[in-house]
Amino acid sequence: PDVALMDIRLKGPTDGIAAAAEVRHRFDVPVVFLTAFADPGTVARAVGTDPFGYVTKPCEDRDLRAAVAVAVYRHRAERATRESQRLYAATFAALVDGVVVTDAAGRVVAANPAAERMTGTPPGEAVGRAAADVVALTDGRTGDRLPDLAAVAATAGTTIVPPEAVLTAADGRRTFVQATGVPVPTGAVLV
């Protein structure tokens, strides 16, 4: 079904709130509550099931139609968003280039598996750390530490490509890399 209309009071041991939670969890069907009960405790329990609408009885047909239309639209939009996020995550993980995404403060918000391998950072441990601590770059000619590419790209608002960069991994391994810092609205992307 496109949507389930659920009364909160049902005969039997399971009430509509528990039934709605099961419908959402097992079948990914949006639920609109249609009930005469709107006391704060009942509404709070119902909200815990992430309903797509809450219509109190008695109601007008137009109110019910509007709640159902909004629920169907919102569910389709959320499903499309989830699919887009799955596609993004699969693509990000499959890249052979190391990619680190930072926030505006220069903290890592995501690192793909290639970046974790290249930097010697265990899976998930880069998140929250300063990008410059995870992606330790030096100038391949002079050995001098390069400035934080994420901060420079974000501040300058332009792509930064240092010449002959060397990435030093957590275990001391050194690799020549073609490093790039690209500004994005929420921070920077390091490749």
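Asp28 has its place in the loop between α1 and β2, and these exercises start from there. The model is a predicted one, so let us keep the confidence values in view as we work.

**Exercise 1. Describe the backbone and the surroundings of Asp28.**

Solution.
- Begin with the backbone: phi of Asp28 is near 55 degrees, a positive value in a residue other than glycine.
- Next, take the accessibility. Asp28 has a relative accessible area of 22%, and buried means under 20%, so Asp28 counts as partly exposed.
- Then look for a charged partner. Asp28 forms a salt bridge with Arg79, with the closest N and O atoms 3.2 Å apart.
- Now place the two ends. Arg79 lies in helix α3 and Asp28 in the loop between α1 and β2, so this pair ties together parts 51 residues apart in sequence.
- Finally, check the partner: at 42% relative accessibility, Arg79 is partly exposed.

**Exercise 2. Which residues are linked with Asp28 in a network of salt bridges?**

Solution.
- The network links Arg24, Asp28, Asp50, Arg74, Glu78, Arg79 and Arg82.
- Pick out Asp50, which lies in the loop between α2 and β3.
- Its phi deserves a look: Asp50 has a positive value of about 55 degrees although it is not a glycine.
- With a relative accessible area of 35%, Asp50 is partly exposed.

**Exercise 3. Is His75 buried or exposed, and which residues does it touch?**

Solution.
- Locate the residue first: His75 belongs to helix α3, residues 61–94.
- The relative accessible area of His75 is 6%, so this residue is buried.
- Leaving aside residues up to four places away in sequence, His75 touches Arg24, Asp28, Pro30 and Phe52.
- Notice two familiar names here: Arg24 and Asp28 also belong to the salt-bridge network.

**Exercise 4. Find how many salt bridges the whole structure holds, then examine two further pairs.**

Solution.
- A search of the whole structure gives 13 salt bridges.
- In one of them, the side chains of Arg45 and Asp15 meet at 2.8 Å, N to O.
- That pair links distant parts of the chain, 30 residues apart: Arg45 is in helix α2 (residues 40–47), and Asp15 is in the loop between β1 (4–6) and α1 (16–27).
- Arg45 is partly exposed, at 46% relative accessibility.
- For the second pair, turn to Asp139 and Arg141, whose closest N and O atoms are 3.3 Å apart in a salt bridge.
- The two ends of this bridge have their own labels: Asp139 is buried, with a relative accessible area of 11%, whereas Arg141 is exposed, at 54%.

**Exercise 5. Where does Thr121 lie, and what does its side chain contact?**

Solution.
- Thr121 sits in the loop between α4 (113–119) and α5 (131–134).
- At 6% relative accessibility, Thr121 counts as buried.
- Its side chain makes a polar contact of 2.8 Å with the side chain of Thr119.
- Beyond four places in sequence, Thr121 touches Glu116, Ala126, Arg129 and Val134.

**Exercise 6. Work along helix α6 and explain why its buried residues are on the same side.**

Solution.
- Look at the start of α6: a side-chain oxygen of Asp148 reaches to within 3.0 Å of the backbone nitrogen of Ala150.
- Next, list the buried residues. In α6 (residues 149–156), these are Leu149, Ala150 and Ala153.
- They cover an arc of only 100 degrees around the axis, which puts them on the same side of α6.
- Now ask what covers them: the cover includes β4 (100–103), α5, β6 (136–139), β9 (181–184) and β10 (187–190).
- End with the residue after the helix: α6 is followed by Gly157, with a positive phi near 70 degrees.

**Exercise 7. Identify the peptide bond that joins Lys57 and Pro58, and place Pro58 in the chain.**

Solution.
- The bond between Lys57 and Pro58 is cis, with omega about -10 degrees.
- Pro58 is found in the loop between β3 (53–56) and α3.

**Exercise 8. Which elements have the lowest and the highest mean pLDDT?**

Solution.
- Start with the chain: its mean pLDDT is 93, and 100% of its residues reach 70 or more.
- Among the elements, α2 has the lowest mean, 90, and strand β5 (residues 108–111) the highest, 97.
- As a reading rule, predicted coordinates should not be read in detail where pLDDT is low.

Technical notes
Residues are numbered from 1 along each chain as its sequence is written. This is a predicted model: local features need pLDDT of at least 70, side-chain atom pairs count only at pLDDT 80 or more; totals for chains, interfaces and linings use all residues. Side-chain values use heavy atoms; hydrogens and water are left out. Helices (H or I, at least four residues) and strands (E, at least two) are DSSP runs, numbered from the N terminus. Buried means under 20% relative accessible area, exposed over 50%, partly exposed in between (1.4 Å probe, protein chains only). A polar contact is a pair of N or O atoms within 3.5 Å; within protein, one must be able to donate a hydrogen and the other to accept it, and residues adjacent in sequence count only if both atoms are side-chain atoms. Contact means heavy atoms within 4.5 Å. A salt bridge is a side-chain nitrogen of Lys or Arg within 4 Å of a carboxyl oxygen of Asp or Glu. pLDDT is the predictor's confidence in each residue, from 0 to 100. The arc is that of the directions from the helix axis to the C-beta atoms.
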